[in-house]
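Me: I should like a close look at a single part of this protein, described in connected prose. Please begin with the part itself and then place it within the whole chain.

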Amino acid sequence: MITVKQAQQRAVEVLLLSSDTAHMDVNILVGHCLQKSRTWLMTWPDAALTDDQVVELEGYVARRVKGEPIAYIVGEQEFWSLPLKVNRFTLIPRPETELLVELALEKIIKKNATILDLGTGSGAIPFALKSEHPDWQVTGLDFSQDALNVAKENADRLQLVVDFIQSDWFEKIPEQLFDLVISNPPYIDGTDKHLAEGDVRFEPDTALIADEQGYGDIRRISCEASRYLTDGGLLMFEHGFEQGAGVRRILKDSQFDEIETIKDLAGLDRVTIGRWRSAP
Ligand SMILES: C[S@@+](CC[C@H](N)C(=O)[O-])C[C@H]1O[C@@H](n2cnc3c(N)ncnc32)[C@H](O)[C@@H]1O
């Protein structure tokens, strides 16, 4: 027989060699295995694991030793306090993407606003917006049907109504104007050495990498977005911390107005916004 405490100690010993967050990882993995909260684990350290649970935990620990992100192992990641299903077809939503959500909530003050999220993945951005503004009509698109299947499952789990469309950027978007086009698109240069480190090794390349040193998708979206924006509508991108000036230039070339870059909590350029004005 093996107790919760013993299982935790053994797993920490194995993970200390490969993970900087071994103790936290183990709490999450043991909790997931037993379907119990962290408080429960602390309250019942002498509770026994079944043989099946021991085998399951060993499997999780082995995956973590190989560097697989915890979110993929447990199949879930929290974003905007919403529990989202994720898998290897979706990016794992990042805390810095919550800045996009905050800015959208700050800038869009209209009732029944129409919002389009480009490259929606697990649906993180639409669900965060919809949870704050049930009156908004939110659409998410992605070219990955596998990612959209996850987003639709999240919609059911969260009981939030969002339209999802499979499309290569604007290709299949019906003639419709949006108050906000928002996107966390792929923006990493394919030669970036960080792609060989950490969680990103397990995430889809198509969610991360863009051509033109990471600017290709931002440029494509910027060139076409004006056809889908209301007069005064906003285009809002998350981007890499060294891409603020580049994204501002792209928005300027695409005739956007009131262009500004906003820094994240670490003081780094993270989001750039432009406003579309139809010609008088
Ligand atoms: C950086 S991920 C963002 C996912 C999600 N919005 C988030 O913040 O967690 C970029 C997403 O864009 C999608 N994508 C990449 N190229 C695309 C294209 N040409 N058309 C539509 N979606 C695309 C990817 O499948 C991926 O889900």
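In what order do the 7 strands of the open sheet lie, and what is the sense of their pairing?

Reply: The model discussed here is predicted. Its open sheet has 7 strands, arranged in the order E7-E6-E5-E8-E11-E13-E12, and the pairing is mixed. Strand E7 (163-166) and strand E12 (257-263) form the edges, each pairing on one side only. On average, neighbouring strands of this sheet are turned by 15 degrees against each other, direction ignored.

The description may start at the edge formed by E7. Strand E6 (residues 137-142) is joined to E7 by 4 bridges, and these two strands run parallel. Within this pair, Gly140 has Phe164 of E7 as its bridge partner. Gly140 also appears among the contacts of Gly123, a residue placed in the loop between E5 and helix H7 (124-132). Beyond its neighbours within four places in sequence, Gly123 is in contact with Gly140, Ala151, Asn154, Ala155 and Val162. Gly123 counts as buried because 31 other C-beta atoms lie within 10 Å, where 20 or more are required. The C-alpha atoms of Gly123 and Ile70 are separated by 19 Å, and the two residues are 53 residues apart along the chain.

Strand E11 (residues 229-238) deserves particular attention. Of its 10 residues, 7 are buried, so that E11 is mostly covered. Strand E8 (residues 178-183) runs parallel to E11 and is joined to it by 5 bridges; here Ile182 has Met236 of E11 as its bridge partner. With strand E13 (residues 269-275), E11 pairs in the antiparallel sense, again over 5 bridges. In that pairing, Phe237 has Thr272 of E13 as its bridge partner. As a general matter, side chains in a regular strand alternate between the two faces of the sheet.

Met236 also belongs to the nonpolar interior. The largest nonpolar core comprises 53 residues, and the members that touch the most others are Ala104, Leu180, Val181 and Met236. When neighbours within four places in sequence are set aside, the contacts of Met236 are Leu100, Leu103, Ala104, Leu180, Ile182, Val271 and Ile273. Ile182, the bridge partner of Met236, is thus listed among these contacts as well. A second, separate core has 11 residues, including Ala7, Val30, Tyr60 and Val61.

A helix also packs on the sheet. Helix H10 (residues 216-225) touches strand E5 (114-118), E8 and E11, and the direction of H10 makes about 175 degrees with that of E11.

The account now turns to E13 and the edge strand E12. Strand E13 is largely enclosed by the rest of the structure, because 5 of its 7 residues are buried. E12 and E13 run antiparallel and are joined by 5 bridges, with Asp257 opposite Arg275 in E13. These two strands make a hairpin with 5 residues between them, in which Gly267 takes a positive phi near 80 degrees.

Ile259 offers a view of the edge at the level of one residue. Ile259 lies in strand E12 and counts as partly exposed because 17 C-beta neighbours fall inside 10 Å. Apart from neighbours within four places in sequence, its contacts are Arg248, Leu251, Lys252, Thr272 and Gly274. One of these, Thr272, is also the bridge partner of Phe237. Ile259 and Leu234 are 25 residues apart in sequence, and their C-alpha atoms are 9.8 Å apart in space.

The sheet may finally be set within the chain. The domain assignment gives domain 1 (2-67) and domain 2 (88-275), with 35 Å between their centres, taken over C-alpha atoms. The protein chain contains 11 helices and 13 strands. Its radius of gyration is 21 Å, close to the 19 Å that the globule rule gives for 280 residues, so the chain is as compact as a globular protein of that length. Along the principal axes, the C-alpha atoms fill a box of roughly 75 × 40 × 30 Å. Buried residues account for 36% of the 280 residues. Among contacts between residues at least 6 apart in sequence, 65% join residues at least 24 apart.

Methods: Residues are numbered from 1 along each chain as its sequence is written. This is a predicted model: local features need pLDDT of at least 70, side-chain atom pairs count only at pLDDT 80 or more; totals for chains, interfaces and linings use all residues. Domain bounds come from an automatic or database domain assignment. A residue is buried if 20 or more other C-beta atoms lie within 10 Å of its own, exposed if 12 or fewer, and partly exposed in between; C-beta atoms are placed from the backbone. Two strands pair if DSSP finds at least two bridges between them. A nonpolar core is a set of buried Ala, Val, Leu, Ile, Met, Phe, Trp, Tyr and Cys residues joined through C-beta atoms within 7 Å. Two residues are in contact if their C-beta atoms, placed from the backbone, lie within 7 Å. Axes are lines fitted to C-alpha atoms, for helices over the stretch in contact, and angles run from 0 to 180 degrees between N-to-C directions. The radius of gyration is taken over C-alpha atoms; the globule rule is 2.2 Å times the number of residues to the power 0.38.
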